[in-house]
Amino acid sequence: MTPTLGVGLIGYAFMGAAHSQAWRTAPHFFDLPLRPELTVLAGRDAVRVADAAERLGWTSTETDWRRVLERDDVSLVDVCTPGDTHAEIAIAALEAGKHVLCEKPLANTVAEAEAMADAAARAAARGVRSMVGFTYRRVPAIGLARQLVADGRLGEIRHVRAQYLQDWIADPTAPMSWRLDKDKAGSGALGDIGAHIVDLTQHITGQRLTGVSALLETFVEERPLPASAGSLSGVAGEGMGTVTVDDAAVFLGRFNGGALASFEATRFALGRKNAIRIEVNGSRGSLAFDFEDMNVLQFFDGDEPAATAGFRRILVTEPEHPYVGAWWPAGHGLGYEHGFTHQVVDLVTAIAKGEDPRPSFADGLQVQRVLDAVERSAAARSVWTDI
């Protein structure tokens with residue numbers, strides 16, 4: 001009989017739904033050493049959380065996240081709340097002896113992230129594990145990209161280009177949401193989506209950013225207050241609210257291996273729905289990825305004869321590709337939700353083995369320091385800022 005892992009999820013909106021689907025699905029496709037149980041879903045509104053629990057498959061509900069930490073049938077707490085609550089919930093859960101999965105970015109400030117990483121280190125000494133949810137690491141094509149770099153197929157890394165392009169608030173009449181409030185979100189496009197490409201480029205290259213020069217811009221400074229909440233923003237109501245975060249972030253960087261980097265994160269790129277674009281150029285080859293074609297990796301082998309050399313389109317759906325063997329026959333692509341399922345697989349496996357999963361809270365802290373350096377650089381007229 002496979003031992004169980006009782007899961008308590010805090011938050012039930014967009015990310016809560018994605019995490020719920022992953023917890024439900026993972027044990028049905030992967031041979032997990034622990035069987036996740038969707039034990040309790042927590043949210044402040046009793047009626048709405050009860051409706052979400054029934055829809056998403058959770059056994060019970062709580063309206064106070066602290067009650068989740070007191071329950072003996074919960075071994076892991078999954079934090080899917082706005083960033084201003086991450087530190088309080090995650091630290092309390094770790095101190096209560098619960099494993100923790102926390103959505104990205106890890107926190108709203110470096111100080112909060114430092115406190116969380118310290119708490120995670122103390123908990124790890126007692127066998128309590130923690131992980132931050134940079135799920136795009138678990139896309140099979142990203143896994144293959146990292147493998148190609150690690151195997152030396154690109155040689156010395158010289159250039160890294162990364163974009164995360166969306167358009168969901170390009171309409172100036174789109175209403176306010178918590179993601180546009182600095183007190184709740186910490187930052188705008190920078191932390192919400194820019195954090196992902198910072199993590200992905202460091203993950204793929206195996207290197208870390210050491211300094212940045214940045215620009216931040218807010219294109220629409222006031223928006224209608226929401227009449228009702230939706231998966232991202234909602235429906236406009238009466239009155240106006242002030243946007244206190246960036247709409248777009250652009251910055252240059254340098255990696256500790258010497259590579260030059262450029263980053264762009266925006267929610268104002270009309271026509272781009274979820275375009276995560278990564279290109280890495282090395283002395284022996286290049287690779288390119290776009291999440292809007294997520295089952296494909298482009299690879300250029302610089303060792304091939306010039307007469308026949310060119311970017312090779314690799315359909316990353318073979319059983320030997322990362323995670324793919326548990327799913328469908330070759331050519332039957334995966335989707336957005338699968339990264340969350342793979343995240344559950346890796347986390348549960350690490351817990352069962354008594355190992356610290358990655359990305360760790362320390363990894364999340366390092367990304368937070370990059371975000372902080374970007375904000376400080378932009379505030380100082382793009383001055384070069386060490387990380």
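This passage describes the sheet, a helix lying across part of the sheet, and two cysteines in a predicted model.

The natural place to begin is the sheet. Six strands form an open sheet with parallel pairing, and their order is 3-2-1-4-5-6. At its edges are strand 3 (60–62) and strand 6 (130–133), each of which pairs on one side only. On average, neighbouring strands of this sheet are turned by 25° against each other, direction ignored.

One pairing can be followed down to its residues. Strand 4, made up of residues 76–79, and strand 5, made up of residues 99–103, pair in the parallel sense over four bridges. For V77, the bridge partner in strand 5 is V100. Strands 4 and 5 also meet a helix: helix 4 (residues 86–95) lies across both of them, as well as across strand 1 (4–10) and strand 6. Relative to strand 5, helix 4 runs at about 165°.

The cysteines round off the picture. The disulfide count for the model is zero. C80 takes part in no disulfide, and the nearest cysteine sulfur, that of C102, is 8.3 Å away. Because a disulfide requires sulfur atoms within 2.5 Å, the sulfur of C102, at 8.3 Å from the closest cysteine sulfur, in C80, is too far for a bond. As for their surroundings, C80 has a relative accessibility of 11% and therefore counts as buried. C102 is buried too, with a relative accessible area of 0%.

How values were computed
Residues numbered from 1 in each chain as written. Predicted model: local features only at pLDDT ≥ 70, side-chain atom pairs only at ≥ 80, totals over all residues. Heavy atoms only, no water. Pairing = 2+ DSSP bridges. Helix = DSSP H or I, 4+ residues; strand = E, 2+ residues; numbered from the N terminus. Axes fitted to C-alpha atoms, helices over the stretch in contact; angles between N-to-C directions. Contact = heavy atoms within 4.5 Å. Buried < 20%, exposed > 50% of the residue type's maximum accessible area, 1.4 Å probe, protein only.
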